[in-house]
Protein chains: 2
Amino acid sequence: MQTSLASHLPESARAALMPFEALPELDIQQLQHHMPVTQRKVKAGQYLYRAGQPFHALYLVHAGFLKTSELSEDGREQVTGFRMRGDLMGVETIGLKAHTCDAVALEDSVIWELPYPPVLDASLHIPELQLRLSSALAEEIRRDRSWMLTIGTLPAEQRVAAFLLDIASRLARLGFSARHFILRMGRADIASFLALKHETVTRALSHLEDIGYISVQRREVKLLDIPMLRSHAGMRAMLA
Amino acid sequence: MQTSLASHLPESARAALMPFEALPELDIQQLQHHMPVTQRKVKAGQYLYRAGQPFHALYLVHAGFLKTSELSEDGREQVTGFRMRGDLMGVETIGLKAHTCDAVALEDSVIWELPYPPVLDASLHIPELQLRLSSALAEEIRRDRSWMLTIGTLPAEQRVAAFLLDIASRLARLGFSARHFILRMGRADIASFLALKHETVTRALSHLEDIGYISVQRREVKLLDIPMLRSHAGMRAMLA
DNA sequence: CAGGGCTGTTGCAAACCGTTACGCGACGTT
DNA sequence: AACGTCGCGTAACGGTTTGCAACAGCCCTG
């Protein structure tokens, strides 16, 4: 019992489960009426912020690609996510005085900096902003939970498949090709994110290529059979 | 390089990294001036809410013990967390129309029900409530990230040790004993939460008992050597 | 009180993944 | 152009975790 699949849910419920609801984009123009919103450029390899640094702004990715990584007290490190255009960064720090994770640019990036106490004050006057902020926080939770499911229950190769589909679907939302893209991160970062070792990621990618689902050459990836990939990955990542 | 442990951080930063900042408790009395806050009783084994059900309230645990579990489209399930007095539930649903996870009571529980659109409106008028809400969201993210680190980098036995310390520290915050408590969940739930199998949890507990760190009898747990447990667990969970 | 189901425990064999090691190619520097 | 470095791919080995199976104890029910 209790094996109630999502397919058993009513149609309305399924729609509500879709992860990327159409939310109004953050309107930078409007925000600038309430606070100083500045642009920041971060070169590849540079930190946007580091754990321990004072927290004084949220960041909205305008262009580029970044990763965030968490460091435990005893030195274990794990990549907690990858961010691209439209993603809001730093929300996990709300309520604290200093950042709890590192944010590194994987390619030259352009970031909108939203000063933190002001942006919270502004949300008191702009209900739409408040909704956007709390939704972003909630989405972050859902994203993490989703990866807990992936990491916790899928074997290595399926995690890698799910990862590729996730990246592809996010690129597609931005208007890029979902079938052919360049990974901005190395094998080690993928491995850390998926709680694997880089060799295992390599093996998984090689095998996915052997069975004809993808084609890989260094960081260049082509998804040759998305339906098969999806079923292989437990259908976690949704992609048109 | 880049092995910057937290101990290298300035003192001010370390303080900000502490997970449980003193935040004002949610004042139910005050909230009732702005919206109808009702109490709900949930018996052991009953659902507080289920994935797919319409989302119309946040829930503040007043007494009892619950678990939340996520279900993927293909039927894989994972426990995403355990909730006790003072924990806010349902925040991951903000921005959606229906719940994305199940919440089940593991013992008879009493819950405050905070109707959702109203509580968001109220936070526009009560800045302190807004701060409390967004902090709760952010804390949830940090909690999940912390477990991603645990699950992603620690072997089975250390995960179990970290789990026991986490439960203990949360019980201690509520005034219960951190050294002697009754687990409210079965081995399977612990295993699911830690991304292990229930046999592995059993074996880990047995071994921790063999080496004298704890004592276990079915669901009754005594922590005999908390310092050793902590070092064993990679010092993740903090406990007095 | 007996029976049945659920939960927890333990042993053994097998699979998976991490570890270690090494080779290869691209890139940047001297 | 030679060199060193870094990222990536491959292979063999070993260890941890898992899966299977059998069993014991508790609780609920009849």
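Helices (DSSP runs of H or I, at least four residues) and strands (DSSP runs of E, at least two residues) are numbered from the N terminus in every legend below. The views show a predicted model, in which local features need pLDDT of at least 70 and side-chain atom pairs pLDDT 80 or more, while totals for chains, interfaces and linings use all residues. Residues are numbered from 1 along each chain as its sequence is written, chains are lettered from A and ligands numbered from 1 in the order in which they are written, and side-chain values use heavy atoms, with hydrogens and water left out.

**View 1. The largest cavity is lined by residues that include Gln130(A) and Gln130(B).** Nine cavities of 30 Å³ or more are present in the structure, a cavity being a set of points on a 1 Å grid over the protein atoms alone where a 1.4 Å probe fits but cannot get out. The largest of them has a volume of about 150 Å³, counted as the space filled by probe spheres set on the points. Its lining (residues with an atom within 4 Å of a point) is made up of 14 residues, and those nearest the centre are Gln130(A), Ser134(A), Gln130(B), Leu133(B) and Ser134(B). Two or more lining residues come from each of helix H3 (116-125) and helix H4 (127-153) of chain A, and likewise from helix H3 (116-125) and helix H4 (127-153) of chain B. By residue class, the lining of this cavity holds eight nonpolar and six polar residues, with no charged residue among them.

**View 2. DNA strand C is shown with the protein residues around it.** There are 17 residues near this strand (a heavy atom within 4 Å), and Ala156(A), Lys197(A), Thr200(A), Arg187(B) and Ser206(B) come nearest. Sugar or phosphate accounts for 57% of the atoms of DNA strand C within 4 Å of the protein, the rest belonging to bases. Phosphate oxygens of DNA strand C lie 2.7 Å from a backbone N or O atom of Ala156(A) and 2.6 Å from a polar side-chain atom of Thr200(A), whereas a polar side-chain atom of Arg203(B) lies 3.2 Å from a base oxygen of the strand. Helix H7 (198-210) of chain A and helix H7 (198-210) of chain B are the elements that give two or more residues to this surface, and H7(B) gives the most, with five residues. The surface near DNA strand C comprises four nonpolar, five polar and eight charged residues.

**View 3. DNA strand D is shown with the protein residues around it.** Among the 15 residues around this strand, Arg187(A), Ser206(A), Arg219(A), Ala156(B) and Thr200(B) come nearest, and 69% of the atoms of DNA strand D within 4 Å of the protein belong to sugar or phosphate, with the rest in bases. A polar side-chain atom of Arg187(A) is 2.8 Å from a phosphate oxygen of DNA strand D, and a polar backbone atom of Ala156(B) is 2.6 Å from a phosphate oxygen of that strand. At the bases, an N or O atom in the side chain of Arg203(B) is 3.1 Å from a base oxygen of DNA strand D. H7 of chain A and H7 of chain B each supply at least two residues of the surface, and H7(A) provides the largest share, four residues. This surface divides into four nonpolar, four polar and seven charged residues.

**View 4. Thr80(B) is shown in strand E4 (residues 77-84) of chain B.** Thr80(B) counts as buried (under 20% relative accessible area, 1.4 Å probe, protein chains only) because its relative accessibility is 4%. Leaving aside residues up to four places away in sequence, Thr80(B) touches Arg145(A) and Met148(A), together with Thr68(B), Ser69(B), Glu70(B), Asp144(B) and Phe193(B), where contact means heavy atoms within 4.5 Å.

Methods: 1 Å grid on protein atoms, 1.4 Å probe; cavity = no way out; pocket = protein on both sides within 12 Å on 5 of 7 lines; lining within 4 Å. Nonpolar A, V, L, I, M, F, W, Y, C, P; charged D, E, K, R; others polar. Polar contact = N/O pair within 3.5 Å; in protein donor to acceptor, adjacent residues only side chain to side chain. Buried < 20%, exposed > 50% of the residue type's maximum accessible area, 1.4 Å probe, protein only.
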